[in-house]
2 protein chains.
Amino acid sequence: MVGSHDTAAAVRLTVGVIGLGLIGGSLARRLAIRGVSVVAWNHRPHPYAQAEADGIRCMRTLAELVEAQPEVIVLCNPLKAMPAILGELRPLLEPYQDITLTDVGSVKMMVRDQVRDAGLAGRYVGAHPMAGNELSGWAAAAPALYDNALWAMTVDGDTDYRRFLAVARMITDDAGNRVIVLDDDTHDRAAALISHMPHVVATALINQLTDDPDRNIAAALAAGSWRDMTRVALTDPDRTRAMVEEDADNVERLLRMMAARLTEVADELHGADAGAIAAFFADGQPFRDYKSAVRSGADGDGPVFDLTIPAEGWQAALLDSARRGEHILRFGDDYTACVQRRSAM
Amino acid sequence: MVGSHDTAAAVRLTVGVIGLGLIGGSLARRLAIRGVSVVAWNHRPHPYAQAEADGIRCMRTLAELVEAQPEVIVLCNPLKAMPAILGELRPLLEPYQDITLTDVGSVKMMVRDQVRDAGLAGRYVGAHPMAGNELSGWAAAAPALYDNALWAMTVDGDTDYRRFLAVARMITDDAGNRVIVLDDDTHDRAAALISHMPHVVATALINQLTDDPDRNIAAALAAGSWRDMTRVALTDPDRTRAMVEEDADNVERLLRMMAARLTEVADELHGADAGAIAAFFADGQPFRDYKSAVRSGADGDGPVFDLTIPAEGWQAALLDSARRGEHILRFGDDYTACVQRRSAM
């Protein structure tokens, strides 16, 4: 079994959080409540009084944040502010080579490009917590947002394992969450599939209704299925649009595949081959079975075991683990991880 | 203000319910609990003991049900059983010209065709309650399923107004629900838009994930938006498939329109016209505003007023009312209705 990381914890200085919105504020509060030393900076100081009351040390400038020498700085700022913040951080970080950068963005390729453009690629490890809701801002931030959260970490061939470990331990030990490890492309394709593309589909649905001459009648007949399928189209279309444009290539490809699927069903409904329609409704059965297993609660009871990670090719080995449906519960010091087998298709 | 219908209630014998599944069982229980005399028949007698305890008189045969001379018989049987049941009812109904037939099917054109084929068109008025959940069968039936429900009634140029009124009053006065009045085509197009087509879209989404080589990773990253948008794809694909095939023409047309919308966004993401993407996300704003008004609670506080219904062309006048976003609360004896203005786009 993987040992505790008491030694590592003893030398950890602090975690730095840039941006006290919903995601960053919730993380900072969760880390603070769990006894981690947290320093934070926000582009406006309005959350500072409450954050300080929560045990978060708030800094007037990014320079002060860096001078506190956090082991890990988590970029929780909006993506559009990323280039400016990275540009400001670069000279500030120069004297502190041990500080590792990570982020919480919902697209990873673009962030890595921005970090590379800022000359900070060597100290970057990507991260994306599966946490969030319809709200935004510090006022909505709460430690429970991360309860039972899974994070996707993203790495490339040049990622330093020790920096990777620093971020991973912040997630598993400090935040008490689980991890899967991906490359940027795998992450962004998966995120486009389960979030970015469906957001476009939901928006197309409400456009279809809005453009219908009998839209009031259709809206009157709408029940739970319509409500569920269009919920994400209702809030903050600007945020959705930004998300879609940041992952444009993957979303474009998936929209064309979805359009082809819908056209195929239309053709089959027009045709007389009942078998084709039956096959369409049977195709997703592995996902139905997977969801059924997850809902049964069996998912959280999967076997827990140690995984030995090769020093060379650790990225690919951890990606394979994710593909097998394993979640990492914590990392050891010696290229090992404690993982749990979850439901898989 | 529209007067009460005490006189009509005094001569009403009973309501007959054929099929004690989720929809029929809930209706029968709701009517019984509200003091309406209810007779029922089910293809298997297993719910009879509980139904009798709820005050529902259960009949061994359809003949007995008809002989109880209900003013309205509500066909709550599965659509696939409809031709057989209508065929059996036709000779039984012959001596009882005052009995009106209605149903609760989620597609209306097909039911009217079946009723016409059975030679019963003259006494038929269509109905579709906006009520239901993921469950099915008598065990799930509950009067509260119809709380605050809206029913779509469907009529054609030949519908007898007195028969229409009999069904409408069962809905408004007996069940305590609201009504909008449509023709079959308008109903089926709207139902395809807000339910049947979206069910196909949800199924296409889970197929897209199931067919992805990284499906376990995608499923691990899935959050609330994915869960909401695919919920209806998880349960009872056979029921969904039947629903889609019963409304095939409308679903086919809408799937092609949705495919065109998704392809257009894909083209726009590939292109460089940011204005086009902005327009896509702005298009559905009237629906967002409508939902915002409904959620604010203002929807239930709309003005209530009397509507005078022309004896000639009452069908078109009531369809116009539905298009304006009005719900009918009850009908008077004299071609009037008490209606409420609801939120509209």
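1. Let me start with A:Arg178, since there is a lot going on around it. Leaving out residues up to four places away in sequence, A:Arg178 touches A:Asn148, A:Ala149, A:Leu150, A:Trp151, A:Ile171, A:His327, A:Ile328, A:Leu329 and A:Arg342. Bear in mind throughout that this is a predicted model. The residue sits in strand β8 of chain A, which covers residues 178-182. Its relative accessible area is 16%, so A:Arg178 counts as buried, the cut-off being under 20%. One of those partners deserves a second look: A:Leu329 is 151 residues away in sequence, yet the two C-alpha atoms are 5.1 Å apart.

2. A:Asn148 is among the residues touched by A:Arg178, and it is worth checking in its own right. Its phi is positive, about 60°, although the residue is not a glycine. You will find A:Asn148 in the loop between β6 (126-129) and β7 (150-154) of chain A. Buried or exposed, then, for A:Asn148? Exposed, with a relative accessible area of 65%. So here is a contact pair in which A:Asn148 is exposed while A:Arg178 is buried.

3. A:Gln69 also has a positive phi without being a glycine, near 50° in this case. Look for A:Gln69 in the loop between α4 (62-67) and β4 (72-75) of chain A. At 36% relative accessibility, A:Gln69 comes out as partly exposed. I'd put A:Gln69 and A:Asn148 on the list of backbone spots to look at by eye.

4. On to the whole chain. Chain A has 15 helices and 11 strands. Its C-alpha atoms fill a box of roughly 70 × 45 × 35 Å along the principal axes. What radius of gyration does chain A have, set against a compact globule of 345 residues? The value is 22 Å, which agrees with the figure near 20 Å for such a globule. Buried residues account for 57% of the 345 residues. As for the contacts in chain A with a separation of 6 or more, 71% are between residues 24 or more positions apart.

5. A quick word on surface and charge. The accessible surface of chain A is about 13,500 Å², and carbon and sulfur atoms make up 51% of that. Chain A carries 34 positive and 48 negative charges, and their mean positions are 4 Å apart.

6. Now the domains. Chain A is split into domain 1, made of 6-182 + 298-341, and domain 2, which spans 188-283. The centres of domain 1 and domain 2 of chain A, taken over C-alpha atoms, are separated by 33 Å. How many residues are in contact between the two? From domain 1 of chain A there are 10, and they meet 9 residues of domain 2 of chain A.

7. A:His187 is a residue I'd open up next. It belongs to helix α8 of chain A, residues 184-210. At 0% relative accessibility, A:His187 counts as buried. Setting aside residues up to four places away in sequence, A:His187 touches A:Ser106, A:Val107, A:Lys108, A:His128, A:Ala152, A:Thr154, A:Leu182 and B:Leu221. Note the chain letter on B:Leu221 in that list. By contrast, A:Ala282, 95 residues from A:His187 in sequence, is 27 Å away, C-alpha to C-alpha.

8. A:Gly105 shares a partner with the previous point. Apart from neighbours within four places in sequence, A:Gly105 is in contact with A:Ala127 and A:His128, and A:His128 is also one of the residues touched by A:His187. A:Gly105 lies in the loop between β5 (100-103) and α6 (109-117) of chain A. This glycine is buried, with a relative accessible area of 13%. The C-alpha atoms of A:Gly105 and A:Ile23 are separated by 9.6 Å, with their positions 82 residues apart along the chain.

9. Last, A:Asp320. Helix α15 of chain A, residues 314-323, is where A:Asp320 sits. With a relative accessible area of 37%, A:Asp320 is partly exposed. A:Asp320 is 138 residues from A:Leu182 in sequence, and the C-alpha atoms of the two are 8.9 Å apart. A:Leu182 has come up already, as one of the residues that A:His187 touches.

Conventions
Residues numbered from 1 in each chain as written. Chains lettered and ligands numbered in written order. Predicted model: local features only at pLDDT ≥ 70, side-chain atom pairs only at ≥ 80, totals over all residues. Heavy atoms only, no water. Helix = DSSP H or I, 4+ residues; strand = E, 2+ residues; numbered from the N terminus. Rg over C-alpha atoms; globule rule 2.2 N^0.38 Å. Buried < 20%, exposed > 50% of the residue type's maximum accessible area, 1.4 Å probe, protein only. Contact = heavy atoms within 4.5 Å. Areas by Shrake-Rupley, 256 points an atom, 1.4 Å probe, with all protein chains shown as cover. Lys, Arg positive; Asp, Glu negative; His and termini not counted. Charge placed at Lys NZ, Arg CZ, Asp CG, Glu CD. Domains from an automatic or database assignment.
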